[in-house]
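Have your viewer ready, with the selection box to hand. We will go from stop to stop, and at each one you will find something to select and a short account of what is there.

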Amino acid sequence: MLDIQLLRNQIDVVTAALGARGASFDPVVFQALEGERKNLQTRTQELQARRNALSKQIGMLKGKGEDASTVMAEVGGIGDELRANEQALGVLLGRIDAFVAGLPNLPHESVPAGRDESGNVEISRWGTPREFDFEVSDHVDVGSALGGLDFETAVKISGSRFAVMRGEIARLHRALAQLMLDVHTREHGYTEVYVPYLVNAESMFGTGQLPKFEADLFSVPKDDGRFYLIPTAEVPVTNLVRGELLSADALPLKFVSHTPCFRSEAGSYGRDTRGMIRQHQFDKVELVRIEHPDNSWAALEELTGHAEMILRRLDLPYRKIVLCAGDMGFSAAKTYDLEVWLPAQKTYREISSCSCFDAFQARRMQTRFKNAQGKNELVHTLNGSGLAVGRTLVAVLENYQQGDGSVLVPKALVPYMGGLEVLEPRG
RNA sequence: GGAGAGGUGGCAGAGUGGUCGAAUGUACCUGACUCGAAAUCAGGCGUAGGUGCGAGCCUACCGUGGGUUCGAAUCCCACCCUCUCCGCCA
């Protein structure tokens, strides 16, 4: 959520920044709401002040045993107008809240301009895509040759955009998550957390999935409301600190969590329908950081480096791009995507997304810390995939395939595979 | 699922209709004492919003949402959550 003071005091700055993202924002609408709010609020508070003063008088008169009926009659006359004003003000504040809650974050000054992904800028590349002396297969063919990747059965038990993994592929999938967790906890200093996969609406609001993106989420009914299935561990992990007042020396908080993620993928019909690139359910190891505002931009670079480290350990070629203003997610102030080389598609595909949200999520969550001046200040939040496990499996299967249909196990994973070095096709 | 207890400031914990935004303790900040620290003493110390150049003044907030009342932390209703016991269960 944007700072409403910024909207009030520097609306032209906000308008320009939101325009850079391609967000529709009408300053006139906001200013009209604000003007109305000021009037109503002033009037309401005047009435409240009068009622309070008179009521206090009544209390004093009664305390002295004197007659208070004149004052009571006077204050009674305020009642209707006050009630009407309070109600109108409540409605108006609700509308302003909803308006502001629907505005995306402002891009950081270092974010390149651009309307869509064509405006993204490549920052760096690592590794060299391998030369194959045979016809490469995609992960679907590689995986089914190994007898461990099965989409037909998943369709039977659930539907499209699900996968069943068996045997060594299931183990490889698990091994990837283990490697990631171990690297991030042992070498990068993150604390592993296990969190709920069903969360409430407040949590979804806190990280910015609600109210605008309900259609992207799965949910299940719960009493009068509903639980939402997490689309990323970002939601439960970041919300660990929702409503908290942290001490400055508790920062930064660095969490890593391995969870399944559930996405409805509404509106992506026909995209990536083959294989496990785009699934309703996939595993991800997520990095989340709660940072002092002075450190958050350095933390974004560091966090992105932590995600990159996994790709390097797996010796998977990738590139790092910075998303342009128009391609960023709703809550992000700046995002780096890591894209891994997929030989079957002869292209780089997103495998990690690392973002700094500055105070945008913290303001929604009311997560603050006591700063050096003893004042409560909003923290900054960050997160990034480190990495998407399903897509990493895809990348391993494709990049490590051999002409005979077998797949080499990346060296970093061999210990996690009980020493197994090659996955052999099933005759 | 059943029965009971309870949700108040960073934390603990008083307050059951009227000068209560809320005692007290603790934490924290400032000052005194000290070479320094601890201890002690004095003062300060919630959040958000409105208004004013400013000191300030005003409003709202005691789990959430309604209601009663001139006036609600306090009374009523609904909901959420926590704890204890019972039942069930991985």
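**Stop one: helix α8**

Start by colouring α8, where I169, L172, H173, A175, L176, A177, L179, M180, L181, D182, V183 and H184 are buried. Keep in mind throughout that you are looking at a predicted model. Now put a distance label between the two end C-alpha atoms of α8. They are 29 Å apart, which agrees with the 30 Å that its 21 residues should span at 1.5 Å a residue.

Step just past the helix to G189, which follows α8 and has a positive phi near 80°. Next comes Y190, in the loop between α8 and β4 (191–192). Is Y190 buried or exposed? Its relative accessibility is 3%, so Y190 counts as buried. Show what surrounds it: leaving out residues up to four places away in sequence, Y190 touches H184, T185, K254, F255, V256, L287, V288, R289, L303 and H306. For a sense of scale, draw a line from Y190 to D26; their C-alpha atoms are 42 Å apart, with the two positions 164 residues apart in sequence.

**Stop two: the nonpolar cores**

Zoom out to the largest nonpolar core, a set of 52 residues. Select L172, L176, L311, L316, L397 and L413, the residues with the most contacts inside this core. Which helix gives the core its largest share? That is α8 (residues 167–187), with nine residues.

Centre the view on L316. Apart from neighbours within four places in sequence, L316 is in contact with W126, L311, V340, T392, A395, V396, N399 and Y400. There is also a second, separate core of 20 residues, and M1, L33, L89 and V100 are among its members.

**Stop three: helix α5**

Select residues 79–101 to bring up helix α5. At 1.5 Å a residue, its 23 residues should span 33 Å, and the end C-alpha atoms, at 32 Å apart, agree with that. Show the side chains of L82, N85, L89, L92, I96, V100 and A101, the buried residues of α5. What do they pack against? Add α1 (4–9), α3 (27–63), α9 (201–207) and α12 (360–365) to the view, and you have the partners of those buried residues.

Carry on into the loop between α5 and β1 (121–126), where R115 sits. With 75% relative accessibility, R115 counts as exposed. Beyond residues up to four places away in sequence, R115 touches C324, G326 and D327. Try a distance from R115 to A23 as well: 9.9 Å from C-alpha to C-alpha, although 92 residues separate them in sequence.

**Stop four: a pocket**

Rolling a probe the size of a water molecule over the atoms shows where empty space is left. Go to the second largest pocket by selecting L6, N105, L106, P107 and D358, which lie nearest its centre among the 15 lining residues. The pocket holds about 250 Å³ of space. Colour the lining by class and you will find eight nonpolar, three polar and four charged residues.

**Stop five: backbone details**

Switch to a view of the main chain and look at the peptide bond from L210 to P211, which is cis, with omega near 5°. P211 lies in the loop between α9 and β6 (219–222). Another cis peptide bond runs from G386 to L387, with omega near 15°. L387 is in strand β16 (residues 380–388).

Now select R161, a residue other than glycine whose phi is positive, near 65°. R161 is in the loop between α7 (151–157) and β3 (164–165), and at 12% relative accessibility it counts as buried. Q366 also has a positive phi, of about 55°, although it is not a glycine. You will find Q366 in the loop between α12 and β14 (368–370). Its relative accessible area is 37%, so Q366 is partly exposed.

**Last stop: the whole chain**

Reset the view to take in all of chain A, with its 13 helices and 18 strands. Its C-alpha atoms fill a box of roughly 100 × 45 × 45 Å along the principal axes. Of the 427 residues of chain A, 49% count as buried. Among contacts in chain A with a separation of 6 or more, 72% are between residues 24 or more positions apart.

Terms used. Residues numbered from 1 in each chain as written. Chains lettered and ligands numbered in written order. Predicted model: local features only at pLDDT ≥ 70, side-chain atom pairs only at ≥ 80, totals over all residues. Heavy atoms only, no water. Helix = DSSP H or I, 4+ residues; strand = E, 2+ residues; numbered from the N terminus. Expected span 1.5 Å × (residues − 1). Buried < 20%, exposed > 50% of the residue type's maximum accessible area, 1.4 Å probe, protein only. Contact = heavy atoms within 4.5 Å. Core = buried A, V, L, I, M, F, W, Y, C linked by side-chain atoms within 4.5 Å. 1 Å grid on protein atoms, 1.4 Å probe; cavity = no way out; pocket = protein on both sides within 12 Å on 5 of 7 lines; lining within 4 Å. Points joined across faces, edges and corners; volume = space filled by probe spheres on them. Nonpolar A, V, L, I, M, F, W, Y, C, P; charged D, E, K, R; others polar.
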